[in-house]
Amino acid sequence: MNEQIMARHWLAIIAPKAAPALATTTVLALARIWNANGAEHSIGNAVLMTALSLAAAAAGVCASIGRAGDPVIAGTAFAASGGLALAGVAGYADGLSLPLLLWVLATAVAYGLAARYWRTDRRDRVAYERHVSDRREERTHIERVETIRGSTQIEVARTGAAYAEQLAQALVTRAALPGFDATVLETAGLPQLPAADTFQE
């Protein structure tokens, strides 16, 4: 059984690992641009970002404890809440030290959460590959057993046909000999043979 081997591009392998850092870096860069355009010490902007962050956190809490309990929606809401909080602080603060500290913390938390999903995904992928390998070995074993069985049946049929042909030839030769008595064979329990004159025709 031949399988097509597909090699993934190195960008496709690195992109999921770099996504958390790219996301937090993008938020930090946009917040600092926002800071340079007038968000620094703006109470209205700080209140807006705080309200948006708290609303996203509340949505995450509702999604996690609701009837559905969807972890994807909850995780997205909490990520949005953290991103809005980071953007608000980075846009409002004077220097770069506090925004960079929050960026490091947000990146570490993002990688911590992503590592859990990566581990689950890797475990599922390994389990799937193991299942596929077991099924492939089982099918290969069944094919091998059926091949051996078919070859054995063909060999038995060929041997039986050769034996029957040899037996028929021996009976014909024996019937052609002088003094052959078919009744002796019949009394011995062998099947009835045709008369000797039929072999001589």
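How exposed is tyrosine 111, in terms of its relative accessible area? In this predicted model, tyrosine 111 has a relative accessible area of 28% and is therefore partly exposed, since that class covers the range between the buried limit of 20% and the exposed limit of 50%. Its aromatic partner is a good place to continue. A search of the whole structure finds one aromatic pair, and this pair joins tyrosine 111 to tryptophan 118, with ring centres 6.2 Å apart and planes at 65°, so the arrangement is edge-to-face. Tryptophan 118 is likewise partly exposed, because its relative accessibility is 24%.

The overall architecture is simply told. The chain contains six helices and zero strands, giving the order α-α-α-α-α-α from the N terminus on. Of the 201 residues in the chain, 14% are buried. The accessible surface comes to about 15000 Å², and carbon and sulfur atoms account for 65% of this area. Among the contacts with a sequence separation of 6 or more, 67% link residues 24 or more positions apart.

Turning to the interior, the largest nonpolar core consists of five residues, namely Leu28, Ala31, Met49, Ala87 and Ala90. At least two residues of this core come from each of helix H1 (10-39) and helix H3 (71-92). One core member, alanine 90, touches Leu28, Ala31, Arg32, Asn35 and Pro99 when residues up to four places away in sequence are not counted.

Another residue worth a visit is leucine 86, which is found in helix H3. Leucine 86 is buried, because its relative accessible area is 6% and the cut-off for burial is under 20%. With neighbours within four places in sequence left aside, leucine 86 is in contact with Thr24, Val27, Pro99, Leu102, Trp103 and Ala106. Proline 99 thus appears in the contact list of leucine 86 as well as in that of alanine 90. Leucine 86 and proline 99 are 13 residues apart in sequence, and their C-alpha atoms are 7.2 Å apart in space.

The surface, for its part, carries a nonpolar patch formed by Val61, Ile65 and Phe78, which together have about 290 Å² of accessible area. Within this patch, valine 61 belongs to helix H2 (residues 43-65). Valine 61 counts as partly exposed because its relative accessible area is 39%, a value that also satisfies the requirement of over 30% for patch residues.

Notes. Residues numbered from 1 in each chain as written. Predicted model: local features only at pLDDT ≥ 70, side-chain atom pairs only at ≥ 80, totals over all residues. Heavy atoms only, no water. Helix = DSSP H or I, 4+ residues; strand = E, 2+ residues; numbered from the N terminus. Buried < 20%, exposed > 50% of the residue type's maximum accessible area, 1.4 Å probe, protein only. Contact = heavy atoms within 4.5 Å. Areas by Shrake-Rupley, 256 points an atom, 1.4 Å probe, with all protein chains shown as cover. Core = buried A, V, L, I, M, F, W, Y, C linked by side-chain atoms within 4.5 Å. Patch = residues over 30% accessible without salt bridge, like charges linked within 9 Å, V, L, I, M, F, W, Y side chains within 5 Å. Salt bridge = Lys/Arg side-chain N within 4 Å of Asp/Glu carboxyl O. Phe/Tyr/Trp six-rings, centres within 6.5 Å; stacked < 30°, edge-to-face > 60°.
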